[in-house]
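Student: Please take a close look at one part of this model, the salt bridges and the strands around them. I would like a connected account rather than a list.

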Amino acid sequence: QLQLVESGGGLVQSGGSLNLSCAASGFNSNYVAIAWFRQAPGDEREGVSCIGAPGDYIKDTDLAKGRFTISRDRAKSTVYLQMNNLKPEDTGIYYCAASRLRLCPPTLRPSEHFISWGPGNQVPVSS
């Protein structure tokens with residue numbers, strides 16, 4: 001049974017950093033793309049960053065560029081999202097999702113590409 005669990009969130013001050021983790025179980029996540037999404041209060045879920053099965057294939061959206069870095073530890077079946085210089089507008093619930101494909105989709109959105117989702121992890125950023 002596919003299962004993803006996020007961790008590492010929590011209250012952080014503006015300018016601070018967090019390293020989110022997405023641990024996979026029940027399947028070999030190393031063979032599929034894994035992505036991070038964010039849902040701000042009152043907004044739709046939107047893509048942040050995605051890493052393909054080849055670890056050097058990374059797709060960042062504008063939300064991630066310059067401040068967030070996605071990576072994966074194959075031995076631990078875990079994907080990370082290092083977030084630096086956090087801003088209050090980064091506040092939201094962060095979800096990781098596993099794709100049915102090896103590579104990230106052309107447009108990073110919560111589509112049929114993603115077949116398994118974690119329960120989400122809260123990241124409140126105070127000003």
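Tutor: Asp 90 and Arg 67 form a salt bridge in which the closest N and O atoms are 2.7 Å apart. Asp 90 sits in the loop between strand E8 (78-83) and strand E9 (92-99), while Arg 67 sits in the loop between E6 and E7, so the pair ties together parts that are 23 residues apart in sequence. Both Asp 90 and Arg 67 are buried. The model is a predicted one, and it holds 4 salt bridges.

The Asp 90 pair belongs to a network of salt bridges that links Arg 38, Glu 46, Arg 67 and Asp 90. Within this network, the side chains of Arg 38 and Glu 46 meet in a salt bridge at 3.8 Å, N to O. Arg 38 has a relative accessibility of 5% and therefore counts as buried, under the 20% cut-off. Glu 46 has a relative accessible area of 30%, so this residue is partly exposed.

The strands place this second pair. Strand E4 (residues 34-39) pairs with E5 in the antiparallel sense over 5 bridges, and Arg 38 stands opposite Glu 46 in E5. E4 and E5 form a hairpin with 6 residues between them, and Gly 42 in the turn has a positive phi of about 80 degrees. Strand E5 (residues 46-51) is mostly covered, with 5 of its 6 residues buried.

E5 also pairs with E6: the two run antiparallel and are joined by 3 bridges. Here Ser 49 stands opposite Asp 60 in E6. E5 and E6 form a hairpin, again with 6 residues between them.

After E6 comes the loop between strand E6 (58-60) and strand E7 (68-73), where Thr 61 is found. Thr 61 has a relative accessible area of 18% and is therefore buried. Leaving aside residues up to four places away in sequence, Thr 61 touches Gly 47, Val 48 and Leu 108.

A further salt bridge joins the side chains of Asp 62 and Lys 65, at 3.8 Å, N to O. Asp 62 counts as exposed because its relative accessibility is 68%. Lys 65, with a relative accessible area of 52%, is exposed as well. By contrast, Arg 67 and Asp 90 are buried.

Definitions and conventions
Residues numbered from 1 in each chain as written. Predicted model: local features only at pLDDT ≥ 70, side-chain atom pairs only at ≥ 80, totals over all residues. Heavy atoms only, no water. Helix = DSSP H or I, 4+ residues; strand = E, 2+ residues; numbered from the N terminus. Buried < 20%, exposed > 50% of the residue type's maximum accessible area, 1.4 Å probe, protein only. Contact = heavy atoms within 4.5 Å. Pairing = 2+ DSSP bridges.
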